[in-house]
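This report describes the interior of one protein chain first, then its overall fold and surface. The sequence and structure are shown below.

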Amino acid sequence: MTARLKTFLKIAIDLVIIGLCYYLAFFIQFEGRLPVDKLEHAFYSLFIVRIANIFFLFIFNVYRNLIIYLSISELTRIAGATGVACLSSSFIIRLFTDYQI
């Protein structure tokens with residue numbers, strides 16, 4: 001398997017996991033009863049969250065190593081990329097939408 005294919009598969013798996021976790025968070029937040037307006041917000045903001053996560057995982061070079069050979073410095077890089085992605089996507093969603101919790 002080529003390196004490009006492995007990277008593509010890692011990104012595809014990340015996109016699926018991010019989507020499932022995002023909708024599960026909304027499901028838990030509203031105790032299983034998702035209001036239509038909140039579901040609409042989740043659908044539109046999921047695109048921003050996915051793009052921000054993949055972008056910052058690339059910026060922090062997370063996809064270049066195998067998960068089997070992780071070190072503490074690589075774990076801190078993954079945590080940093082995830083933290084920056086969460087903060088930036090939250091800022092973008094808050095800036096461009098009128099969503100209120």
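## Nonpolar cores

In this predicted model, the largest nonpolar core is made up of 8 residues: Ile-18, Tyr-22, Phe-26, Phe-30, Ala-42, Leu-46, Val-49 and Ile-93. At least two residues of this core come from helix H1 (3-29), and at least two from helix H2 (36-59). Another core, of 6 residues, lies apart from the largest one; among its members are Ile-11, Val-62, Tyr-63 and Ala-81.

Ala-42 belongs to the largest core. Leaving aside residues up to four places away in sequence, Ala-42 touches Tyr-22, Tyr-23 and Phe-26. Of these contact partners, Tyr-22 and Phe-26 are listed in the largest core as well. In soluble globular proteins, nonpolar side chains tend to be buried together.

## Fold and dimensions

The protein chain contains 3 helices and 0 strands, which gives the pattern α-α-α when read along the sequence. The C-alpha trace spans about 45 × 25 × 20 Å along its principal axes.

Among contacts in the protein chain with a separation of 6 or more, 63% are between residues 24 or more positions apart.

## Burial, surface and charge

The protein chain has 101 residues, and 27% of them count as buried. Its accessible surface is about 7400 Å², and carbon and sulfur atoms account for 72% of that area.

The charged side chains comprise 9 positive and 6 negative ones. The centres of these two sets are 13 Å apart.

Definitions and conventions
Residues are numbered from 1 along each chain as its sequence is written. This is a predicted model: local features need pLDDT of at least 70, side-chain atom pairs count only at pLDDT 80 or more; totals for chains, interfaces and linings use all residues. Side-chain values use heavy atoms; hydrogens and water are left out. A nonpolar core is a set of buried Ala, Val, Leu, Ile, Met, Phe, Trp, Tyr and Cys residues joined through side-chain atoms within 4.5 Å. Buried means under 20% relative accessible area, exposed over 50%, partly exposed in between (1.4 Å probe, protein chains only). Helices (H or I, at least four residues) and strands (E, at least two) are DSSP runs, numbered from the N terminus. Contact means heavy atoms within 4.5 Å. Accessible areas come from the Shrake-Rupley method with a 1.4 Å probe; for residues, only the protein chains shown count as cover. Lys and Arg count as positive and Asp and Glu as negative; His and the chain ends are not counted. The place of a charge is taken as NZ of Lys, CZ of Arg, CG of Asp or CD of Glu.
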